[in-house]
Amino acid sequence: MVDPGDVDVGKVHPGLVEFTFQWAERSSHREEAGSLMPRTLESQITLEKTPSYFVTQEAPRRIFNMSRDTKLIVVVRNPVTRAISDYTQTLSKKPDIPTFEGLSFRNRTLGLVDVSWNAIRIGLYALHLEGWLRYFPRAQIHFVSGERLITDPAGEMGRVQDFLGIRRFLTDKHFYFNKTKGFPCLKRTEASLLPRCLGKSKGRAHVQIDPEVIDQLREFYRPHNIKFYETVGQDFRWE
């Protein structure tokens, strides 16, 4: 799923089966598309993730046509933090890009935010969700808090397991907080195996942004966040 910074989706048997947008792009028929997924037994759940699903306009219809019983999981985080994280990742690959402030605003003095910049537009969660709700009922979509996934990974994963209708297997004993990376890592129960952490590209220190720029973006996102909270019935407390 997406942090939309980094959030995900799909299903073939009861449970969660994700279907890559790239596969759907090349497939003209549902049967052909479904054949590209791995075989799933009745006792299994197959998952597939792609961060771009949630913000790809054609994805809801294509996934619905593959399986209207699909269960969707979306990881969301504070859209301002998400945009800064997005910029930090891009800057590490393209050090000559414009400043974060320059990309964020069409006119900062007038407070005109540039929603055409992808890092800003992705954070308009309520807008993207509208497309999914045209095809899937709210009950088939589960939202994971990116912030709580860091502070309480077992709790968030417990709710994911409840959503999928499976027993709670992942618990506190499967996680430990990696102070160097700044987020939890997954512990294996087998003593011979090393813990599993996200790669080097994750956990970078964010670039320093003018606090006034952050305040302006918070005000910009505030009404969008409130609409999102009301739609999903969950307050993520990003304000």
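In this predicted model, Ser-85 belongs to helix α4, and with a relative accessible area of 9% this serine counts as buried, since that value lies under the 20% cut-off. Although Ser-85 and Ala-205 are separated by 120 residues in sequence, their C-alpha atoms lie 8.7 Å apart in space.

Helix α4, which covers residues 79–93, is also among the elements against which the buried residues of helix α7 pack. In α7, which runs from residue 125 to residue 133, the buried positions are Tyr-125, Ala-126, His-128, Leu-129, Gly-131 and Trp-132. Besides α4, the partners of these buried residues are helices α3 (59–66), α6 (118–121) and α10 (211–232), together with strands β1 (72–76) and β4 (141–145).

Strands β1 and β4 appear again around helix α9, where they are among the elements that cover its buried residues, a group that also includes α8 (146–151), β5 (175–178) and β6 (183–186). The helix itself, residues 153–164, is mostly covered, with nine of its 12 residues buried; these are Pro-153, Ala-154, Gly-155, Glu-156, Gly-158, Val-160, Gln-161, Phe-163 and Leu-164.

The length of α9 can be checked against its residue count: at 1.5 Å a residue, its 12 residues should span 16 Å, and the end C-alpha atoms are 17 Å apart, which agrees with that expectation. Just after the helix comes Gly-165, whose phi is positive, at about 75 degrees.

Methods: Residues numbered from 1 in each chain as written. Predicted model: local features only at pLDDT ≥ 70, side-chain atom pairs only at ≥ 80, totals over all residues. Heavy atoms only, no water. Buried < 20%, exposed > 50% of the residue type's maximum accessible area, 1.4 Å probe, protein only. Helix = DSSP H or I, 4+ residues; strand = E, 2+ residues; numbered from the N terminus. Contact = heavy atoms within 4.5 Å. Expected span 1.5 Å × (residues − 1).
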